[in-house]
Amino acid sequence: MDQLSDDATVMHHPPERGPSDARPTRRASPRALRTGPGGPVTAGSRPVAPKPSAGETLGGHTARQVLRLCEAAGLNGADSAGYARTLLSVLGPVGERPLDLPPPERSFLSDDHTPVEFSLSFTADAEPTLRVLLEPGYGAGSLEQNGSTGLRVVRDLARRWGFDTTRLDELEDLFFPPDPEGPLALWCALELLPGGVPKVKVYLNPAASGRERAAATVREALRRLGHRQAFASLPEGDRHLFFALDLGDWEEPRVKVYLAHHDLSAPEAAGLSRVPDPSRAAGGPDRTTGSDPVAECAAAADSAAEVRRFFGMAAGHDVDDETPAAGDGPDPRLGRRPVQSCHAFTETGTGRPSGFTLYVPVRDYAPHDGEVLDRAVAVLGRHGMDAAPLVRSLAAVTSRRLHDGVGLIAYLGLAHQKGRPARVTAYISSEAYRVKPPVPAPPVRIGAVG
């Protein structure tokens with residue numbers, strides 16, 4: 001039996017329990033929500049190797065992290081304990097696996113194959129939202145079993161929290177073929193909100209029937225969900241990575257398409273967001289959408305400039321308001337791990353996305369996590385967001401010195417959603433199995449853009 005801490009709630013998950021079973025075996029103690037020793041993680045703090053204790057399990061390690069992250073995000077003890085139990089129930093029997101054994105399989109979800117990733121989503125003048133991304137079928141034995149387990153878990157959660165899975169059900173034959181391919185089957189993301197009922201998202205694999213059919217799979221999935229014109233509005237990309245759905249109680253449920261972009265530059269990144277056609281500006285407000293193209297074009301230009309600056313700050317480049325436009329000269333490119341873009345669709349009338357997010361894999365373009373944190377703090381500050389919850393969250397998941405590894409912050413994301421303020425998200429690795437050592441400053445290729 002694994003225990004979150006000496007005085008914490010016991011989070012044991014017997015194999016016979018279903019994913020919707022959240023019954024605690026003891027009451028949670030508020031003292032279980034204290035962060036680890038040493039206070040906030042800083043680049044100059046004393047190094048402490050994150051070695052698992054004897055008998056430590058994957059579930060115990062990640063549940064403790066959730067408890068501490070919930071405290072850092074301002075959630076109360078009851079919600080924190082409930083979310084830790086949910087994480088364990090979603091992981092299932094693999095949560096009982098000792099960490100001194102190697103990962104049972106190579107999860108695509110994280111660099112060290114931990115099937116759990118955390119994130120903090122920031123907006124100005126608001127508390128950040130804590131999220132956890134999980135692979136419910138991790139360790140199931142095959143990709144087909146991974147997918148079937150993931151579907152079962154999501155449907156159990158739907159019965160528990162009372163949300164509808166109809167949109168997911170309509171796509172089952174597309175994303176869960178008899179002999180699936182690709183690096184994943186299904187991931188489930190939970191936004192951990194006050195009250196103990198999270199918002200739920202699922203991520204599916206467009207290449208389940210083969211990478212050569214990924215584009216056709218995305219097109220058909222969009223069509224089935226009523227977004228018949230959406231595929232044509234997507235920018236070019238090197239690969240379709242994920243197809244995602246919001247399930248349950250969302251104000252505007254989204255359908256999202258993720259693309260990979262190799263060897264990308266800042267001006268090219270800024271051009272990935274879909275913008276209105278400036279040629280319509282003289283016609284006044286759009287009769288279809290009621291929007292004003294002049295105002296939309298101005299907002300799109302501002303958004304593109306901000307994406308360009310974010311790209312540079314996250315990647316460690318000097319990109320400012322005077323950066324030349326595409327084609328005016330050489331520009332740094334990210335040629336290691338690809339940048340990702342996400343295109344969110346909420347309405348079916350125009351086929352235009354209502355949201356755009358750019359994700360920069362910062363851990364591949366920095367020597368260590370101290371540098372990554374500096375960049376994250378700078379990005380948050382530029383957008384009027386308080387970085388203190390991020391610093392607290394890093395201390396909640398590890399006690400190691402930031403200079404002693406790279407990958408604790410895996411991605412930084414900048415999101416623009418129509419009618420909403422900008423959002424910055426930092427993706428935090430669990431590092432249950434491995435800490436990637438620091439590296440020399442990665443080279444940046446300079447090449448002509450255009």
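Axes here are lines fitted to C-alpha atoms, for helices over the stretch in contact, and the angle between two of them runs from 0 to 180 degrees between N-to-C directions. With that convention in hand, the helix pair of this predicted model can be described: helix H9, residues 369–382, and helix H10, residues 388–397, pack with their axes 10 Å apart and at an angle of about 150°. Since angles over 145 degrees count as roughly antiparallel, H9 and H10 are therefore roughly antiparallel to each other. On the H9 side the contact is made by Leu373, Ala376 and Leu380, which meet Leu390, Val391 and Leu394 of H10. By class, the residues of this contact between H9 and H10 comprise 6 nonpolar, no polar and no charged.

We turn next to the strands. Strands of a sheet pair through backbone hydrogen bonds, in either a parallel or an antiparallel sense. In this model 10 strands close into a barrel, following the order E1-E2-E3-E4-E5-E6-E9-E10-E11-E12 with antiparallel pairing, and from one strand to the next the twist averages 20°. One of these pairings joins E1, residues 116–122, to E2, residues 129–134, in the antiparallel sense over 6 bridges, and within it Phe118 stands opposite Val132 of E2.

Helices also pack on this sheet. Helix H2, spanning residues 77–91, touches E1, E2 and strand E3 (186–192), and its direction makes about 15° with that of E2. Helix H6, spanning residues 214–224, touches strand E5 (239–247), strand E6 (255–261) and strand E9 (339–345), with a direction that makes about 25° with that of E5.

What remains is the empty space. The largest pocket holds about 800 Å³ and is lined by 46 residues, of which Glu117, Trp187, Phe242, Gln340 and Tyr411 lie nearest its centre. Strand E11, residues 409–417, gives the most to this lining, with 7 residues, while the lining divides by class into 23 nonpolar, 12 polar and 11 charged residues.

Terms used: Residues are numbered from 1 along each chain as its sequence is written. This is a predicted model: local features need pLDDT of at least 70, side-chain atom pairs count only at pLDDT 80 or more; totals for chains, interfaces and linings use all residues. Side-chain values use heavy atoms; hydrogens and water are left out. Two strands pair if DSSP finds at least two bridges between them. Helices (H or I, at least four residues) and strands (E, at least two) are DSSP runs, numbered from the N terminus. Contact means heavy atoms within 4.5 Å. On a 1 Å grid over the protein atoms alone, a cavity is a set of points where a 1.4 Å probe fits but cannot get out, and a pocket is an open set with protein on both sides within 12 Å along at least five of seven lines; lining residues have an atom within 4 Å of a point. Grid points are joined across faces, edges and corners, and a volume is the space filled by probe spheres set on the points. Ala, Val, Leu, Ile, Met, Phe, Trp, Tyr, Cys and Pro count as nonpolar, Asp, Glu, Lys and Arg as charged, and the others, Gly among them, as polar. Angles under 35 degrees count as roughly parallel, over 145 as roughly antiparallel, 65 to 115 as roughly perpendicular and the rest as oblique.
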